[in-house]
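Subject: Structure for your review

Dear colleague,

Please find below the structure I promised to hand over. My findings follow it.

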Amino acid sequence: MSKKNPEYDFKWCPGCGDFGVKRAIELGVERRNIEMEQPMEQTVVVAGIGCSGNLVHLLDGTQPFGIHGLHGRSLPVAFGVKMANPELNVLIVSGDGDFLSIGGEHIAPQAQRNLNVTAVIMDNGVYGLTKGQSSPTTELGVITPTTPFGKLENALNPLQLYLTVGASFVASGFSSKTRELANLINEGMKHPGFSVVHVQSPCTTYNDNFDQLKGNVKKGVDPITWDIPEDHDSADKLAAFQLIEQGGIPLGVLYQDPESEPLDARAEGMRQRANPRGVEQQLGAFRI
């Protein structure tokens with residue numbers, strides 16, 4: 001439970017990476033509100049189903065509007081919210097199973113539309129809420145309740161997917177680096193277009209890969225996460241692909257399209273060109 005919602009009994013395991021993501025979102029949105037001089041009520045958080053969905057209920061402090069929708073359908077709901085009121089700051093919270101599996105079919109269309117929303121994806125490599133089944137990002141050969149003899153599919157590389165389908169802002173974060181993650185989320189919300197911040201968020205119950213992600217000197221484990229060099233040109237998509245090909249998990253902004261034009265701006269331009277008739281004009285067409 002949270003201070004704001006003490007009666008809500010959500011189920012997050014001790015040490016879950018999503019706690020760090022929660023704090024990063026709070027910091028990122030708070031900073032945006034100060035910079036934009038906007039109230040929290042100007043932000044809408046849209047979630048699907050899974051551990052990530054609890055973020056709709058447990059953000060501390062002044063509450064944004066929240067919609068806890070259907071499994072895998074956070075993007076269609078966010079599409080409706082943003083196009084109904086383009087002035088809103090729409091933030092999607094989702095997990096690797098929710099967003100990349102059943103929800104995977106919605107990523108490319110919204111990327112091509114350049115829907116002006118920010119998606120924060122918590123990747124723990126399993127379906128954590130429903131007892132650890134394999135997800136698209138589970139590694140090949142891993143034994144889970146749904147893959148008792150080992151997973152047959154290769155693990156999906158989400159960062160590569162986002163770049164391939166045309167997301168105009170792609171960043172990669174780690175739940176234990178809260179301040180850095182808050183900065184990435186803030187940058188994603190500033191970007192005019194489809195922004196994805198993919199976060200490594202370990203599941204302490206079914207896939208505790210924290211040591212592998214962060215490294216553990218005492219155990220002789222080298223980290224698989226590494227910081228993107230400061231001289232990386234985030235406007236260069238080819239350079240972003242090359243970062244991914246280096247292996248491990250790069251942390252930071254991989255790609256940001258400097259010429260990004262969001263869908264709401266495109267729609268407004270089309271409306272002006274179409275010069276639609278007003279209500280009185282439309283009613284007049286039915287009059288004798």
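I begin with Q110, which in this predicted model is buried, because its relative accessible area is 3%, where the cut-off for that term is under 20%. Q110 belongs to helix α5. Setting aside neighbours within four places in sequence, its contacts are L75, F79, L115 and F194. Of these contacts, L75 deserves a note: Q110 and L75 are separated by 35 residues in sequence, and their C-alpha atoms are 7.5 Å apart.

L75 leads to helix α3, which spans residues 74-84 and has S74, L75, A78, V81 and K82 as its buried residues. These residues lie on the same side of α3, because the arc they cover around the axis is only 125 degrees. As a general point, an α-helix has 3.6 residues a turn, so residues three or four places apart point the same way. The cover over the buried residues of α3 includes the strands β1 (43-47), β2 (65-68) and β3 (89-95), together with the helices α4 (96-102), α5 (107-113) and α10 (263-274).

Next, the sheet. Eight strands form an open sheet with mixed pairing, in the order β2-β1-β3-β4-β8-β7-β10-β9. At its edges stand β2 and β9 (225-227), each of which pairs on one side only. From one strand to the next, the twist averages 25 degrees. The edge strand β9 runs parallel to β10 (residues 249-256), and three bridges join the two. Here W226 is placed opposite P250 of β10.

Within the sheet, I would draw your attention to β7. Six of its six residues are buried. Its two faces are both covered, with F169, A171 and G173 buried on one side and V170, S172 and F174 buried on the other. To β8, strand β7 is joined in parallel by six bridges, and V170 has V196 as its bridge partner in β8. The chain passes from β7 through α7 to β8 in a right-handed β-α-β crossover. With β10, strand β7 pairs in the antiparallel sense over four bridges, and A171 stands opposite V253 there. Helix α7 (residues 178-190) itself lies across β3, β4 (118-123), β7 (169-174), β8 (195-200) and β10, and runs at about 165 degrees to β7.

Finally, the nonpolar cores. In soluble globular proteins, nonpolar side chains tend to be buried together. In this model the largest nonpolar core contains 31 residues, and those with the most contacts inside it are V90, F99, I107, V117, Y162 and F194. The greatest contribution to this core comes from helix α6 (residues 158-165), which gives four residues. Apart from this core lies another, of 27 residues, including M40, L59, A182 and L184.

Which residues are in contact with V117, leaving aside its neighbours within four places in sequence? They are A78, K82, V90, I92, G193, F194 and S195. Two of these names connect back to α3, as A78 and K82 are among its buried residues. F194 likewise returns to the starting point, being in contact with Q110.

With kind regards

Conventions: Residues numbered from 1 in each chain as written. Predicted model: local features only at pLDDT ≥ 70, side-chain atom pairs only at ≥ 80, totals over all residues. Heavy atoms only, no water. Buried < 20%, exposed > 50% of the residue type's maximum accessible area, 1.4 Å probe, protein only. Arc of directions from axis to C-beta. Contact = heavy atoms within 4.5 Å. Pairing = 2+ DSSP bridges. Axes fitted to C-alpha atoms, helices over the stretch in contact; angles between N-to-C directions. Right-handed = clockwise from strand over helix to strand, strands pointing away. Core = buried A, V, L, I, M, F, W, Y, C linked by side-chain atoms within 4.5 Å.
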